[in-house]
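Biologist: I am new to this structure and would love a close look at one part: the empty space inside. Please walk me through what surrounds it.

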Amino acid sequence: MELNRRTVIAGAGAAAAGIAATTLGTGSAQAAPSASGGRKPVKELFGKLADGTKIYRWSLENGGTRLKVLNWGGVVQGLEIPDRHGRYTNVSLGFDNIDDYVAKTPYFGALIGRYGNRIAKGQFTLDGKSYQLSVNDGVNSLHGGKQGFDKHIWDVEPFAKGSDVGLVLHYTSIDGEMGYPGTLKAKVTYTLTRHGAWIIDYEATTDKATVVNLTSHVYWNLAGEGSGTIEDHELTIAAGRYTPTDTGLIPTGELATVHGTPFDFRKTKPIGRDIRAAHVQQVQAKGYDHNWVLDKGITSKPEHVATLRDPRSGRTLKIATDQPGLQFYSGNFLDGTLTGTGGRTYRQGDALCLETQHFPDSPNHANFPSTVLRPGQTYRTRTVHTFTA
């Protein structure tokens, strides 16, 4: 596919073809069997905001995967999968209380929007009009601004359909929210299949031309959250190029080759092998925090782009997407000040993110795939996570 093809699909075209699924965990509330053959998600009170608003958690289980999701930010609060001996552990970072999600979280498990990643100086021009966004990362806008989609309550509808179970999440972002034009209606579906795969389907429509780049910000440690470094995890990324950044982690516009650099993950290697190679890009980012330009480009259905494996447990995560980019972040800014669900602190390099996406700062780079969404069009994209051990 050509690099400039858009993910925007005019009209009500069909969603991308399906793929495998995941399963989710027990916890204090177990998913109940349903007549459809799936296991119906169970809702329970998770906590309350300062104004008394109740925050709920849904527990889902299917195909050997256990998932726990909050209506606050669509947060994946826990994701449990078995190791090679069938032993379960939570492989996603998070908190055990809503207060920490509100006050402290570095986007643990959250849905990200309107725009995943950074936009330089929080500014872009569309159809001749300039827009100023909320700035929350130095002079730049990150993950939608000071109150992105991760900091809102989503409407949640659980379902059990055939052999699948899941949640449909809705949020409407009003015209001008965080500086973005247009009222954007977002719909995100989490599905766990009977094979234990976790599928995320993103959809959005708008009443004015705008920019959209939705993603999920799960922090992975396949040995278990709070278990220590991910530097021994083995990673493969099907990308021969990446987008170098300036000191503010904004892409320069170059699509640089990974050949001969620490950014070459075309062949499987431990994350820690080259993480201290003193490459100028790593020094600026304090590790890896870059967008990989996926070889496949934008595709009509998800294709496999990355594999992450923990050699100790045997747990393996494979990611398929229709998106053109993948942000690999090696947990550089975890500093030991956050205590997770297991009662352990998270330190630098204790988890990593693999965010399927369009490129950072795309509205300011004509050579990047477009993220513009117009009235009458529907934004659709799908990412599939499959787990083995």
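Modeller: Ile200, Tyr202, Ser216, His217, Val218, Trp220, Leu354, Glu355, Thr356, Thr383 and His385 line the largest cavity. A cavity is a set of points on a 1 Å grid over the protein atoms alone where a 1.4 Å probe fits but cannot get out, and lining residues have an atom within 4 Å of a point. The model is predicted, so to speak of local features we need pLDDT of at least 70, while side-chain atom pairs count only at pLDDT 80 or more and totals for chains, interfaces and linings use all residues. Residues are numbered from 1 along each chain as its sequence is written, and side-chain values use heavy atoms, with hydrogens and water left out.

The volume of this largest cavity is about 70 Å³, where volume is the space filled by probe spheres set on grid points joined across faces, edges and corners. Four strands, β17 (198-206), β19 (215-217), β30 (353-357) and β32 (377-388), each give at least two residues to its lining. Strands here are DSSP runs of E with at least two residues, numbered from the N terminus. β30 supplies the largest share, with 3 residues.

What sort of residues make up this lining, by class? There are 5 nonpolar, 5 polar and 1 charged residues. Ala, Val, Leu, Ile, Met, Phe, Trp, Tyr, Cys and Pro count as nonpolar, Asp, Glu, Lys and Arg as charged, and the others, Gly among them, as polar.

In total, the structure has 3 cavities of 30 Å³ or more. The second largest has a volume of about 50 Å³, and its lining consists of Trp72, Val75, Tyr101, Val102, Thr105, Tyr107, Ala110, Asp150 and Lys151. By class, that lining divides into 6 nonpolar, 1 polar and 2 charged residues.

Tyr107, part of that second lining, turns up again at the largest pocket. Pocket here means an open set with protein on both sides within 12 Å along at least five of seven lines. The largest pocket has a volume of about 280 Å³. Of its 17 lining residues, Pro106, Tyr107, Tyr219, Tyr329 and Phe333 are the closest to the centre. The lining of this pocket holds 8 nonpolar, 5 polar and 4 charged residues.

Trp72 and Val75, also in the second lining, lead us to a hairpin. β6 (residues 65-70) and β7 (residues 76-82) are antiparallel partners with 4 bridges; strands count as paired if DSSP finds at least two bridges between them. Lys68 faces Gly78 of β7, and Arg66 is opposite Glu80 of β7. The hairpin has 5 residues between its strands, and Gly73 there takes a positive phi near 70 degrees.

β7 is largely enclosed by the rest of the structure, because 6 of its 7 residues are buried, meaning under 20% relative accessible area with a 1.4 Å probe and protein chains only. On to β8: 3 bridges join β7 to this antiparallel strand, with Glu80 opposite Asn90. These two strands also form a hairpin with 5 residues between them, where Gly86 in the turn has a positive phi of about 85 degrees.

Both hairpins belong to an open, antiparallel sheet of 5 strands in the order β4-β5-β6-β7-β8. β4 (42-48) and β8 (88-90) are its edges, each with a single partner strand, so one side of each is left without a neighbour in the sheet.

Key:
Buried < 20%, exposed > 50% of the residue type's maximum accessible area, 1.4 Å probe, protein only.
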